[in-house]
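Student: I would like to go through this structure step by step. Please start with the overall layout and then move to individual residues.

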Amino acid sequence: MWVDDEGAIVADAEVNLMATAIARAYGAIWQPFCGVVVFAAHDGNGETVGLSDAQRDALLTGTVFAPMVNH
């Protein structure tokens, strides 16, 4: 997840609720995320690649939140 590094300091900053929720589902609970966020994956060699269809669908459908159900 790449975050707009100036997203939180602009005068009319708005929390990106979806990105914040996804990040929290993975343990990033210390801050809300503002502005534009880009999600990507990596190949076996550490190169940045686009998300697979399954990864994209999991983000868009909320499947990433399933681990939080039992907490």
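**Layout and selected residues**

Tutor: The protein chain has two helices and four strands. The model is a predicted one.

Student: In what order do the elements of the protein chain run from the N terminus on?

Tutor: The chain holds two helices and four strands. Read from the N terminus on, their order is β-α-β-β-β-α.

Student: What share of the accessible surface of the protein chain belongs to carbon and sulfur atoms?

Tutor: Of the 71 residues, 20% count as buried. The accessible surface comes to about 5300 Å². The part that belongs to carbon and sulfur atoms is 58%.

Student: Among contacts between residues at least 6 apart in sequence, what percentage join residues at least 24 apart?

Tutor: The count takes contacts in the protein chain between residues at least 6 apart in sequence. Of these, the portion joining residues at least 24 apart is 42%.

Student: Is Thr20 buried or exposed?

Tutor: Thr20 lies in helix α1. Leaving out residues up to four places away in sequence, Thr20 touches Val15, Gln31, Pro32 and Phe33. The relative accessible area of Thr20 is 5%, and the cut-off for burial is under 20%. Therefore Thr20 is buried.

Student: Which residues form a nonpolar patch on the surface with Val36?

Tutor: Val36 sits in the loop between α1 (17-25) and β2 (37-38). Its relative accessibility is 57%, so Val36 counts as exposed. The patch has about 310 Å² of accessible area together. The partners of Val36 in it are Trp2 and Val38.

Student: How far apart are the closest N and O atoms in the salt bridge of Arg56 with Asp53?

Tutor: Both Arg56 and Asp53 lie in helix α2 (residues 53-61). They are three residues apart, about one turn of the helix. A salt bridge needs the nitrogen and the carboxyl oxygen within 4 Å. For Arg56 and Asp53, the closest N and O atoms are separated by 3.2 Å.

Student: Which residues do salt bridges that share partners join into one network?

Tutor: The count of salt bridges comes to two. Arg56 pairs with Asp53 in one salt bridge, and Arg56 also forms one with Asp57, with the closest N and O atoms 2.9 Å apart. The shared partners give one network of Asp53, Arg56 and Asp57.

Student: Why does Asp53 count as exposed, and how does Arg56 count?

Tutor: The cut-off for exposed is over 50% relative accessible area. Asp53 counts as exposed because its relative accessibility is 53%. Arg56 has 37% relative accessibility, so Arg56 counts as partly exposed.

How values were computed
Residues are numbered from 1 along each chain as its sequence is written. This is a predicted model: local features need pLDDT of at least 70, side-chain atom pairs count only at pLDDT 80 or more; totals for chains, interfaces and linings use all residues. Side-chain values use heavy atoms; hydrogens and water are left out. Patches are made of residues with over 30% relative accessible area and no salt bridge: like charges are joined within 9 Å, nonpolar side chains (Val, Leu, Ile, Met, Phe, Trp, Tyr) within 5 Å. Accessible areas come from the Shrake-Rupley method with a 1.4 Å probe; for residues, only the protein chains shown count as cover. A salt bridge is a side-chain nitrogen of Lys or Arg within 4 Å of a carboxyl oxygen of Asp or Glu. Buried means under 20% relative accessible area, exposed over 50%, partly exposed in between (1.4 Å probe, protein chains only). Contact means heavy atoms within 4.5 Å.
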